[in-house]
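Please look over the sequence and the model shown below before reading on. The paragraphs that follow begin with a covalent link and then move outward to the rest of the chain.

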Amino acid sequence: MKQNFISLITRPVSILCLPFLFFTCSSVKSSSDPKWTPLFNGKDLKDWIVKINHHEVGDNYANTFRVEEGVIKVRYDQYGAYNNQFGHLYFKEPFSHYCLRVEYRITGDWKTDAPSYTVSNSGIMFHSQDPKTMLKDQDWPISIECQLLAGLADGKPRPTGNMCSPGTDVIYKGKIDSRHCINSTSKTYKKEEWVTAELIVLGDSLITHLINGDTVLQYSKPQIGGGVVNNFDPAVKLDGKLLKAGFIALQSEGQPVDFRKVAIVNLEKYANDPVKLNEVVRKLMTGKRVVKY
């Protein structure tokens with residue numbers, strides 16, 4: 001399987017998404033290789049930028065995003081009507097090639113006047129537009145989303161780690177997929193259960209989703225396109241433009257959620273060196289999952 005992954009990175013994009021991978025990001029064992037860097041310091045929201053629909057950039061309306069007991073908490077206890085005030089908490093700088101790890105849990109009581117599809121629903125946005133380019137009443141950032149879900153009371157399967165595409169398109173199984181969301185192959189996780197979501201993002205090439213160590217989804221060629229996003233600046237939504245980099249954000253959309261760890265391995269310096277990139281990614285995706293940071 002390792003050799004299959006290495007060859008995939010350098011093959012034409014048309015076949016990137018055919019096989020599924022069963023690796024996970026793990027400790028980098030060589031001192032010369034990239035190290036895990038925490039994006040969340042466990043204390044406050046320094047280095048993060050808030051953008052909530054109907055509010056200006058930087059306005060953390062009703063203390064939506066807060067840090068308590070070393071955890072980023074998304075809460076709505078200071079809200080009146082929800083009024084589609086979808087929110088996103090952005091790390092301050094963009095990334096292109098990287099491995100991202102986020103530990104999260106869906107928790108608490110859903111805000112009942114939020115749209116019904118937001119029940120036990122959150123997400124990690126990446127390759128996102130700069131929050132400073134979003135208009136005040138823009139609901140979603142133009143981005144790719146790793147959708148985070150928990151099971152519902154009906155007991156039906158509800159995978160997490162899905163791909164959703166607000167204002168974007170991806171190549172899935174060899175062609176642009178017109179669906180807004182593509183389900184992963186993950187199992188269903190319950191509310192209050194901590195889950196580890198990981199992304200291997202290689203610029204505008206291959207993207208891999210992993211949940212608790214299992215590869216659950218793969219696609220390629222993220223690009224601006226599609227619908228869903230409303231009230232955006234037309235100068236920003238350039239359909240067909242490949243997304244080689246962008247911002248990472250944690251989502252609020254009516255469901256309380258906790259994020260306790262957010263860390264990244266930046267692979268940017270290997271973007272133009274496929275041989276070294278292959279070597280480093282192979283090391284990231286082998287061995288035990290124990291990572292200390």
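**A disulfide and its surroundings**

The disulfide of Cys-164 and Cys-181 is right-handed, because the torsion about its S-S bond is about 110°. The two residues belong to distant parts of the chain, 17 residues apart, with Cys-164 in strand β9 (residues 162-164) and Cys-181 in strand β12 (residues 181-182). Strands here are DSSP runs of E with at least two residues, helices are runs of H or I with at least four residues, and both are numbered from the N terminus. The sulfur atoms of Cys-164 and Cys-181 lie 2.0 Å apart, where a disulfide is defined as a pair of cysteine sulfur atoms within 2.5 Å. A search of the whole structure finds 1 disulfide.

Before going further, it should be said that this is a predicted model, in which local features need pLDDT of at least 70 and side-chain atom pairs count only at pLDDT 80 or more, while totals for chains, interfaces and linings use all residues. Residues are numbered from 1 along each chain as its sequence is written, and side-chain values use heavy atoms, with hydrogens and water left out.

Are the two ends of the disulfide, Cys-164 and Cys-181, buried or exposed? Cys-164 counts as buried because its relative accessibility is 1%, whereas Cys-181, at 25%, counts as partly exposed; buried means under 20% relative accessible area, exposed means over 50%, and partly exposed lies in between, with a 1.4 Å probe and protein chains only. Another cysteine, Cys-146, is also buried, with a relative accessible area of 1%. Its closest cysteine sulfur is that of Cys-164, but the distance from the sulfur of Cys-146 is 9.1 Å, which is too far for a bond.

**The chain as a whole**

The protein chain has 2 helices and 17 strands, and 56% of its 293 residues count as buried. Among the contacts in the chain with a separation of 6 or more, 72% come from residues 24 or more positions apart, a contact being heavy atoms within 4.5 Å. The chain exposes about 12400 Å², of which carbon and sulfur atoms supply 50%; this area comes from the Shrake-Rupley method with a 1.4 Å probe.

**Residues in strands**

Val-102 lies in strand β6 (residues 97-106) and counts as buried, because its relative accessibility is 0%. Which residues does Val-102 touch, not counting those up to four places away in sequence? They are Ile-124, Val-195, Thr-196, Ala-197, Phe-259, Lys-261 and Val-262. For Ile-124, 22 residues apart from Val-102 along the chain, the C-alpha atoms of the two are separated by 8.5 Å.

In strand β3 (residues 65-68) is Glu-68, which is partly exposed with a relative accessible area of 35%. The C-alpha atoms of Glu-68 and Asp-258 are separated by 9.8 Å, although their positions lie 190 residues apart along the chain when counted as a separation.

His-127, in strand β7 (residues 121-128), is buried at 0% relative accessibility. Its phi is near 50°, a positive value in a residue other than glycine. Most residues other than glycine have a negative phi.

**The loop between β12 and β13**

Glu-192 also has a positive phi, near 75°, and is found in the loop between β12 and β13. Glu-192 is partly exposed, with a relative accessible area of 42%. Lys-187 is found in this loop as well, ahead of β13 (195-202), and is exposed, with a relative accessible area of 53%. Leaving aside neighbours within four places in sequence, Lys-187 is in contact with Arg-158, Pro-159 and Thr-160. The C-alpha atoms of Lys-187 and Thr-160, 27 residues apart along the chain, are separated by 7.3 Å.

**The largest pocket**

About 240 Å³ of space lies in the largest pocket. A pocket is an open set of points on a 1 Å grid over the protein atoms alone, where a 1.4 Å probe fits, with protein on both sides within 12 Å along at least five of seven lines, and lining residues have an atom within 4 Å of a point. The volume is the space filled by probe spheres set on the points, which are joined across faces, edges and corners.

The lining is made up of 18 residues, of which Ser-128, Gln-129, Asp-130, Lys-241 and Leu-243 lie nearest the centre of the pocket. By class, the lining divides into 10 nonpolar, 5 polar and 3 charged residues, with Ala, Val, Leu, Ile, Met, Phe, Trp, Tyr, Cys and Pro counted as nonpolar, Asp, Glu, Lys and Arg as charged, and the others, Gly among them, as polar.
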